[in-house]
Amino acid sequence: MAKPFKRVLVANRGEIAVRILRACRELGLETVQIYSEADSDSLAVRLADRAVCIGPPRSSQSYLNAEFIVSAALMHGADAIHPGYGFLSENAHFARLCEKEEITFIGPSADVISLMGDKAMARRMADEAGVPTTPGSAGTVSGVAEAREVAARLGYPVILKAAAGGGGRGMRIVHAEKDIEAEYLNAAREAKAAFNDDAIYVEKYLTRIRHIEIQILSDGQRVLHLGERDCSIQRRNQKLLEESPSPVLDDAVRARIGEAAVRLCRHVGYTSAGTIECILDPTSGEFYFMEMNTRVQVEHPVSELVTGIDIVKAQIGIAQGQPLAIEQSEIRLQGHAIECRINAEDPDNGFAPCPGAIAHFHMPGGPGIRVDSHLYSGYRVPPYYDSLLAKVVAWGHSREEALARMRRALWEMRVDGVKTTLPFHQKLLRDARFQQGDVHTKFVEENMLEAL
């Protein structure tokens with residue numbers, strides 16, 4: 001049954017907070033923006049109907065304080081909370097706290113977040129749903145000895161992954177048996193520090209692969225996939241550029257991977273927007289489930305531009321109990337979209353973070369260009385959070401036109417006052433191998449970093 005919202009609290013910051021506020025405004029919903037003491041002059045605070053400070057700059061005392069955020073929602077009469085991505089967006093405790101206080105969490109249920117947040121359990125769900133998984137341990141391993149046994153069976157290299165992992169933390173590639181004990185202990189130690197969970201599982205490490213993910217929308221009855229995003233341009237497992245459709249998928253593989261993603265979502269009873277992440281062996285065309293992200297993704301705009309579907313508004317509609325109004329057969333991938341993440345980082349200095357004051361900001365525009373950003377001239381980038389400043393997204397009738405528009409947009413863009421990843425993207429777009437779509441997940445590390 002539909003439960004219309006009146007007021008939504010945005011439990012995030014930066015560009016995704018602005019993106020959610022804009023969706024709410026178009027839907028006629030009032031907004032409450034939370035902010036830390038470091039974000040009092042943020043664009044999100046300026047755009048929201050109401051704003052409330054929830055703590056000091058450190059995220060552990062503000063954006064990660066579930067109890068404070070829910071209290072703010074109750075105090076300001078919010079019907080729902082949108083968590084965005086990162087912070088508490090995949091935190092089952094936070095979702096349960098919302099449920100307890102009868103505030104709608106705009107996302108899947110706490111039980112599903114918990115189920116798919118455990119990477120080893122998510123692999124098991126994929127197996128049960130008949131979705132291919134990378135050869136590996138049946139679940140988490142009990143310690144170094146079992147990890148060594150599994151690795152010997154799979155053959156080196158293997159990759160150790162934290163069961164509660166994300167963003168590359170708690171992950172180690174092991175090329176030889178002599179290294180597995182040290183790397184296991186390193187991975188477990190890092191996972192414990194990052195996620196308070198040191199459980200580790202083991203997979204065969206595949207090389208020259210591509211990172212392919214499928215955007216999902218589900219109202220609990222109808223599950224739709226919105227095509228794939230190719231996220232193979234990465235540095236240390238951090239995505240730098242995404243595009244849709246993938247330059248290497250043919251229609252047959254696209255159909256198989258989309259059907260597999262839908263099957264998995266049905267199997268776990270998924271509701272809301274979500275993403276199934278896979279790795280693809282371009283040579284064989286075989287794909288393997290990697291993990292599920294139970295939230296909106298940073299790179300969702302590329303799927304929006306090729307499908308014409310507003311994913312954030314759809315996510316809010318589903319949370320209000322509104323059924324999806326389209327069928328899978330009505331979804332068409334039209335044209336090509338590419339997203340470049342512009343971060344406050346110095347590519348010439350190991351991508352070191354570069355917080356500071358923005359002396360001047362000029363946003364590119366023109367045909368086929370969209371920019372999601374929270375920047376304005378005079379804004380001070382705080383040192384406490386993610387360094388993402390803007391997402392420049394180019395659409396074209398073909399990949400070549402999208403690339404040409406992106407090159408023009410990056411040439412127009414000005415961010416003065418801090419170093420950014422603009423020069424990196426300009427160089428990447430000039431690379432002949434990238435232009436031909438001939439890349440893999442280690443392409444940047446193997447071919448570009450020394451030349452920058």
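How many residue pairs in polar contact, both at pLDDT 80 or more, does the rule find across the interface of domain 2 and domain 3? Before the answer, a little background. This is a predicted model, where local features need pLDDT of at least 70 and side-chain atom pairs count only at pLDDT 80 or more, while totals for chains, interfaces and linings use all residues. Residues are numbered from 1 along each chain as its sequence is written, and side-chain values use heavy atoms, with hydrogens and water left out.

Start with the layout. The chain is assigned domain 1 (7–106), domain 2 (144–204) and domain 3 (210–448), with bounds from an automatic or database domain assignment. Domain 2 and domain 3 have their C-alpha centres 28 Å apart.

Now to where those two meet. Here 6 residues of domain 2 are in contact with 4 residues of domain 3 (contact means heavy atoms within 4.5 Å). And the polar contacts? The rule finds 0 such residue pairs across this interface, a polar contact being a pair of N or O atoms within 3.5 Å; within protein, one must be able to donate a hydrogen and the other to accept it, and residues adjacent in sequence count only if both atoms are side-chain atoms.

For a closer look, pick M171, which sits in strand β7 (residues 169–174); strands are DSSP runs (E, at least two residues), numbered from the N terminus. Leaving aside neighbours within four places in sequence, M171 is in contact with I159, L160, K161, E190 and N237. G117 is 54 residues from M171 in sequence and 15 Å away in space, C-alpha to C-alpha.

Key
Helices (H or I, at least four residues) and strands (E, at least two) are DSSP runs, numbered from the N terminus.
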